[in-house]
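Dear colleague,

Please find below the sequence and structure that I am handing over to you. My notes on what was found follow directly after it.

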Amino acid sequence: MADAGTNEYPTNELMVARRNEACPNGLPSKSGIYAAKAQGAELWDVEGKRYIDFIAGIGVLNVGHNHPKVMQAARDQMEKVVHTCFGVAQYEPYIELAERLNKLVSEAGGGKSNYKTMFMNTGSEATEHVCKFARRITGRPGLISFEGSFHGRTLLATALTGKSRPYKEGFGPLPGDVYHAPYPHEYKGMSTQGSLACLNHIFETSIHPSDVAAILIEPVQGEGGFVPAPREFLQGLRDICDQHGIMFIADEVQTGFARTGTMFAIEQSGVEPDFLVCAKSIAGGFPLSAVIGKTDLFDQIGPGGMGSTYGGNPVACAAALAVLDVIEEDGLLQRAEEIGAKVESRWNELAQGVGKGVFGDVRRVGAMAAVEMVTDGDPMKPNSDAAAKIQGRARELGLITLTAGKKAQVIRTHVPLVASDAIIDEGLDIFAQATKDVLGG
């Protein structure tokens, strides 16, 4: 690591000045961390300060930073072909990755249907495409998503997202025929039956189900605060979709690839999706996303009705194949459960101690763990201030986390699934110290 202030690695302070001059204000940059190198669950900034990374590129690095098998697969592919555009000259990594994902999604849905896959670059792009396909297949215009959801920042993805600030404010007009139903959240008083009743109310008052092309849902809301959809709710949605000929789309951009203790979160519900979109951890940090759909539906889109210049880049596909190997070989499905249980246990201890009355709901699915900050133990009084201060203090002490939720009142973790117990314990110790520093009086 070079000394601070050298030409090779300037200081964080100098990087802030350069960033402010070169990049728009709207780009997130609150942390002040300028990364120089990373490995596994650790990251070092340009001044040599070490951080334990509990957010992993917002869920992109389930196999950690610079996993050697992923990096080697990428290097090997770069020696062969870097780009052709799949529409011009096809290549095996794209096809092999599609084959493996088709099998995984079919197994997640109980093996009842066959699937096909196309690749793109980002989660937003996958969302845009899948909604376009649903409209084409059904001949209907309407799309329904949920309050608190996040589906991306492109125009239609922004319309689908269930939070106005900062994603929608001032960016209209947004695409029409998009409706939002309440997402079930027992902690906040919205039951499965209540949410399904509200959906039926939308059918009665805003759009008839015969005009709805698709219902798009995150099985576990990500930016909404790591809120899991109950099994009975997802099954109820599936029944409604079947009754009315509506496409059921699972947005697994943040939940996919072992994060929840299963390859995809939807398989824990026993629900078979018509389409599934994924990105983030699919390729260990290389840009890649996918739309995976039932064969009989996907093949209704004719030649030329889909495509992407960079989508399914050979290097990204090779990396993704290595990610799937690592998940299987290293037992990361089980490891996700172990990590999540460890985080949950420590946070529950804090909730009963120094965090009492501030640490509200501690929840997790697999390794997707979150704690909701509240005031005086009241679920309806979000405590964004406590969340921001604990996150900031943890960062000062060398731990990277992020907030989520409608009011940024939730602290969440995306611990790399390859992290050792020692690293995780060290990170949790830092989090506990940060909590004591902020709340300990």
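The side chains of Gln254 and Arg412 are joined by a polar contact of 3.2 Å. Please bear in mind throughout that this is a predicted model.

Gln254 and its surroundings

Gln254 belongs to the loop that runs between β10 (247–251) and β11 (275–278). Although placed in a loop, Gln254 has a relative accessible area of 8%, and because the cut-off for a buried residue is under 20%, Gln254 counts as buried. Leaving aside residues up to four places away in sequence, Gln254 touches Ile58, Gly222, Glu223, Phe226, Arg259, Lys280, Arg412 and His414. Arg412, the partner in the polar contact, is thus one of the residues in this list.

The seven-stranded sheet

Both strands that flank the loop of Gln254 belong to an open sheet of seven strands, ordered β4-β12-β11-β10-β7-β5-β6, with mixed pairing. At its edges stand β4 and β6 (178–181), each of which pairs on one side only. On average, neighbouring strands of this sheet are turned by 20 degrees against each other, direction ignored. Within the sheet, β11 and β12 are antiparallel and share four bridges; Cys278 is found opposite Ala290 in β12.

Helix α4 packs on this sheet, where it touches β4 and β12, and its direction makes about 130 degrees with that of β4. Helix α7 (residues 192–205) lies across β5 (142–146), β6 and β7 (212–217), and runs at about 150 degrees to β6.

Helix α4

Helix α4 covers residues 92–108, 17 residues in total. From its first C-alpha to its last it reaches 24 Å, close to the 24 Å expected at 1.5 Å a residue. Its buried residues are Pro93, Tyr94, Leu97, Ala98, Leu101, Asn102, Val105, Ser106 and Ala108. An α-helix has 3.6 residues a turn, so residues three or four places apart point the same way. The buried residues of α4 pack against α3 (68–78), β4 (115–120), β12 (289–294) and α10 (314–329). After the helix comes Gly110, with a positive phi near 95 degrees.

The four-stranded sheet

A further open sheet has four strands in the order β1-β2-β3-β16, and its pairing is mixed. The edges are formed by β1 (35–39) and β16 (399–400); each has a single partner strand, so one side of each is left without a neighbour in the sheet.

The pairings across this sheet are as follows:

- β1 and β2 (residues 42–45) run antiparallel and are joined by four bridges; Lys37 stands opposite Trp44 in β2.
- β2 and β3 (residues 50–53) also run antiparallel, here with three bridges; Glu42 has Ile52 in β3 as its bridge partner.
- β3 and β16 are parallel, with two bridges between them; Asp53 stands opposite Ile400 in β16.

The hairpin of β2 and β3 has four residues between the strands, and within it Gly48 takes a positive phi near 90 degrees.

Helix α12

Helix α12 (residues 384–397) has 14 residues and spans 20 Å from first C-alpha to last, close to the 20 Å expected at 1.5 Å a residue. Buried in this helix are Ala386, Ala387, Ile390, Gln391, Gly392 and Ala394. The buried residues of α12 pack against β13 (359–365), β14 (368–375), β16, β17 (402–404), β18 (410–413) and α13 (421–439). One of these elements, β16, is also an edge strand of the four-stranded sheet. Just after α12, Gly398 has a positive phi of about 105 degrees.

Ile240 in helix α8

Finally, a note on Ile240, which is located in helix α8 (residues 231–244). Is Ile240 buried or exposed? Ile240 is buried, with a relative accessible area of 9%. Not counting residues up to four places away in sequence, Ile240 touches Leu196, Leu199 and Phe203. Between Ile240 and Val82 there are 44 Å in space, C-alpha to C-alpha, and the two are 158 residues apart in sequence.

With kind regards

Note on methods
Residues are numbered from 1 along each chain as its sequence is written. This is a predicted model: local features need pLDDT of at least 70, side-chain atom pairs count only at pLDDT 80 or more; totals for chains, interfaces and linings use all residues. Side-chain values use heavy atoms; hydrogens and water are left out. Buried means under 20% relative accessible area, exposed over 50%, partly exposed in between (1.4 Å probe, protein chains only). Contact means heavy atoms within 4.5 Å. Two strands pair if DSSP finds at least two bridges between them. The expected span of a helix is 1.5 Å times one less than its number of residues. A polar contact is a pair of N or O atoms within 3.5 Å; within protein, one must be able to donate a hydrogen and the other to accept it, and residues adjacent in sequence count only if both atoms are side-chain atoms. Axes are lines fitted to C-alpha atoms, for helices over the stretch in contact, and angles run from 0 to 180 degrees between N-to-C directions.
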